[in-house]
Structures are given as C-alpha cells and as structure tokens.
Amino acid sequence: MIRTRHDPIESLRDALEAQFQQNTDRLTELTVRLRHTDGARDGEGDRAALVAARRAVAETAHALRRMAEGSYGICDRCRTRIPLNRLRALPHTRFCRTCHRTGNGGAHTPPAGFP
Ligand SMILES: [Zn+2]
C-alpha cells in the first residue's frame, strides 16, 4: 500500500514507538541493575528512575493504544481535539492544555486511600 497523503499522526506514532522502545530498554536496564544492587547504597536513585521509566512506558503504551482505537488526540477529560502542535511537543499527552492546567489543581483525582 502506498501512502499518498502525509498524515501528521503517522509521524507522531513513529515518535511514540521510538519513545516506547527507549523507555522499555531503560526499564529493563534499571530492573536488572536494581536486582544486582539489592541492599546497596546507590539503590535509591535507580529506584526513582525506575518509577519514572515505568510511568513513561505506561504513558506511551496508553497513547499507542488510543491511536489504535482511533481516540488519539482527544482530550480524556473534555473530549475536545488536542491541537497538533501540543501533540507534537507532548506526543503522550492525554489532556488538552486547559484540562492539563486545571488537572494540576484541585480537579486531580488522588489514588484510592490517599489521605
Ligand atoms: Zn480537555
């Protein structure tokens, strides 16, 4: 199949897939390293990096899944279309600029059991 029309989502998919691969590799590397430095002094920084890498993998996986479902680029909260320039800057984002901003305030739902 020959693609005649350039779809901007296609290039975002490439960016997300590269990001996903990179973060998965990092996660694997950190998991292995932590297993070998169990109880060692340097474990804390790696543990924080592991949490960050795991979150990044989850975010990119989520974005790729939405792409497959056809809901990519739609804000998770208000269901409006996220501008392409925002998606280019943050390919894994789930929220439009407005919801992202309000999400940082009181509207953010804390995990269950959070005080
Ligand atoms: Zn929104």
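The secondary structure of this protein comes to four helices and zero strands. Along the sequence, the elements follow the pattern α-α-α-α. The coordinates belong to a predicted model, so a view coloured by confidence is a suitable start.

**The whole chain**

With the chain coloured by pLDDT, the mean is 85, and 81% of the residues reach 70 or more. Among the elements, helix α3 (residues 84–89) has the highest mean pLDDT, 94, and helix α4 (residues 97–103) has the lowest, 90. Where pLDDT is low, the predicted coordinates should not be read in detail.

Next, show burial over all 115 residues: buried residues make up 10% of them. Of the contacts with a separation of 6 or more, 49% join residues that are 24 or more positions apart.

**Select residues 43–69: helix α2**

Helix α2 holds 27 residues. From its first C-alpha to its last it reaches 38 Å, close to the 39 Å expected at 1.5 Å a residue. Which residues of α2 are buried? They are Ala53, Thr60 and Ala63. Add α1 (8–36) to the selection, since what covers these buried residues includes that helix.

**Keep α1 and α2 together**

Two packed helices are described by the angle between their axes and the distance between the axes. For α1 and α2 the angle is about 150°, and the axes lie 8 Å apart. Angles over 145 degrees count as roughly antiparallel, and α1 and α2 are therefore roughly antiparallel to each other. The crossing of α1 past α2 is left-handed.

**Select Arg13 and Leu64**

Arg13 has its place in helix α1. Its count of C-beta neighbours inside 10 Å is 17, which makes Arg13 partly exposed. Draw a distance from the C-alpha of Arg13 to that of Leu64: the two atoms are separated by 7.1 Å, although the residues are 51 apart along the chain.

**Select Ile9**

Ile9 is also to be found in helix α1. Because it has 14 C-beta neighbours inside 10 Å, Ile9 counts as partly exposed. Which residues does Ile9 touch, not counting those up to four places away in sequence? They are Met67 and Tyr72. A further distance to display is the one to Leu87, which is 78 residues from Ile9 in sequence and 9.1 Å from it in space, C-alpha to C-alpha.

**Move past the end of α2: Gly70 and Arg79**

Just after α2, select Gly70, where phi is positive at about 90°. Continue to Arg79, in the loop between α2 and α3. Phi of Arg79 is near 65°, a positive value in a residue other than glycine. Is Arg79 buried or exposed? Arg79 counts as exposed, because it has 10 C-beta neighbours inside 10 Å.

**Select Arg88 in α3**

The next stop is Arg88, placed in helix α3. With 12 C-beta neighbours inside 10 Å, Arg88 counts as exposed, because the exposed class takes in residues with 12 or fewer. Show Leu12 as well: Arg88 and Leu12 are 76 residues apart in sequence, yet their C-alpha atoms are 6.8 Å apart in space.

**Finish at Pro91**

Pro91 lies in the loop between α3 and α4. Is Pro91 buried or exposed? Pro91 counts as buried because it has 24 C-beta neighbours inside 10 Å, where 20 or more are required. Leaving aside neighbours within four places in sequence, select the residues in contact with Pro91: Leu12, Ala15, Leu16, Gln19 and Ala63. One of these, Ala63, is a buried residue of α2.

For the last distance, return to Ile9 in helix α1. Pro91 and Ile9 are 82 residues apart in sequence and 9.6 Å apart in space, C-alpha to C-alpha.

Technical notes
Residues are numbered from 1 along each chain as its sequence is written. This is a predicted model: local features need pLDDT of at least 70, side-chain atom pairs count only at pLDDT 80 or more; totals for chains, interfaces and linings use all residues. Helices (H or I, at least four residues) and strands (E, at least two) are DSSP runs, numbered from the N terminus. The expected span of a helix is 1.5 Å times one less than its number of residues. Two residues are in contact if their C-beta atoms, placed from the backbone, lie within 7 Å. pLDDT is the predictor's confidence in each residue, from 0 to 100. Axes are lines fitted to C-alpha atoms, for helices over the stretch in contact, and angles run from 0 to 180 degrees between N-to-C directions. Angles under 35 degrees count as roughly parallel, over 145 as roughly antiparallel, 65 to 115 as roughly perpendicular and the rest as oblique. A crossing is left-handed if the near helix is turned anticlockwise from the far one by less than a right angle, and right-handed if clockwise.
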